[in-house]
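Work through the three exercises below with the sequence and the model at hand. Try each task before reading its solution.

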Amino acid sequence: MMVDLVKARLGWVDLYARCGEAGFVCRRCGISRPTLRKWWRRYQTTGAAGLTDKSRRPKHPAAQKIFAEQETLILSFVEVSTKSDVRCLLKPNQGCGGGGVAG
């Protein structure tokens with residue numbers, strides 16, 4: 001399957017190298033111009049080896065989005081059983097009996 005894709009891409013860039021008309025190649029092969037440009041650039045820089053798929057995995061892990069204080073609050077919500085208890089967690093100084101979960 002991967003070999004078939006590489007062969008197809010090699011056919012696209014070969015046809016483009018021979019005729020030099022991107023519109024013709026795209027119509028004939030059923031691909032878009034950005035697709036042809038992508039594979040043409042990769043073929044020019046790395047040859048046939050560049051026609052294989054590259055990993056889409058991020059190069060760097062995503063930055064931490066939830067910090068310790070937020071995690072504690074979220075875990076507190078999980079332990080809460082009623083809506084009034086949630087209000088006490090969100091607004092501890094609103095007469096909820098000591099500033100924590102009413103119990």
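The exercises cover helix packing, aromatic pairs and salt bridges.

The model is predicted: local features need pLDDT of at least 70, side-chain atom pairs count only at pLDDT 80 or more, and totals for chains, interfaces and linings use all residues. Residues are numbered from 1 along each chain as its sequence is written, and side-chain values use heavy atoms, with hydrogens and water left out.

**Exercise 1.** Describe how H1 and H3 pack.

Step 1. Two packed helices are described by the angle between their axes and the distance between the axes. Helices are DSSP runs (H or I, at least four residues), numbered from the N terminus. Axes are lines fitted to C-alpha atoms over the stretch in contact, and angles run from 0 to 180 degrees between N-to-C directions.

Step 2. The angle between H1 and H3 is about 90 degrees, and their axes are 10 Å apart. H1 is therefore roughly perpendicular to H3 (the class for angles of 65 to 115 degrees).

Step 3. List the contacts (heavy atoms within 4.5 Å). From H1, Arg9, Leu10, Trp12, Val13, Tyr16 and Ala17 meet Thr35, Leu36, Trp39, Trp40 and Tyr43 of H3. By class, this contact has nine nonpolar, one polar and one charged residues. Ala, Val, Leu, Ile, Met, Phe, Trp, Tyr, Cys and Pro count as nonpolar, Asp, Glu, Lys and Arg as charged, and the others, Gly among them, as polar.

**Exercise 2.** Find the geometry of the aromatic pair formed by Tyr16 and Trp40.

Step 1. The structure holds two aromatic pairs (ring centres within 6.5 Å, using the six-membered ring of Trp). In the pair of Tyr16 and Trp40, the centres are 4.9 Å apart and the planes are at 85 degrees, which is edge-to-face (over 60 degrees).

Step 2. Tyr16 lies in helix H1 (residues 2–19) and Trp40 in helix H3 (residues 33–46), 24 residues apart. Tyr16, Trp40 and Tyr43 form one aromatic cluster.

**Exercise 3.** Which residues form a salt bridge with Arg9 and with Arg18?

Step 1. The whole structure has two salt bridges (a side-chain nitrogen of Lys or Arg within 4 Å of a carboxyl oxygen of Asp or Glu).

Step 2. Arg9 pairs with Asp53 at 3.0 Å, N to O. Arg9 lies in helix H1 and Asp53 in the loop between H3 and helix H4 (68–79), so the pair ties together parts 44 residues apart in sequence. Arg9 is buried at 7% relative accessible area (under 20%), while Asp53 is partly exposed at 40% (between 20% and 50%, with a 1.4 Å probe and protein chains only).

Step 3. Arg18 pairs with Asp14, their closest N and O atoms being 3.3 Å apart. Asp14 and Arg18 are four residues apart in helix H1, so about one helical turn separates them. Arg18 is exposed at 62% (over 50%).

Notes
Phe/Tyr/Trp six-rings, centres within 6.5 Å; stacked < 30°, edge-to-face > 60°. Helix = DSSP H or I, 4+ residues; strand = E, 2+ residues; numbered from the N terminus. Parallel < 35°, antiparallel > 145°, perpendicular 65-115°, else oblique.
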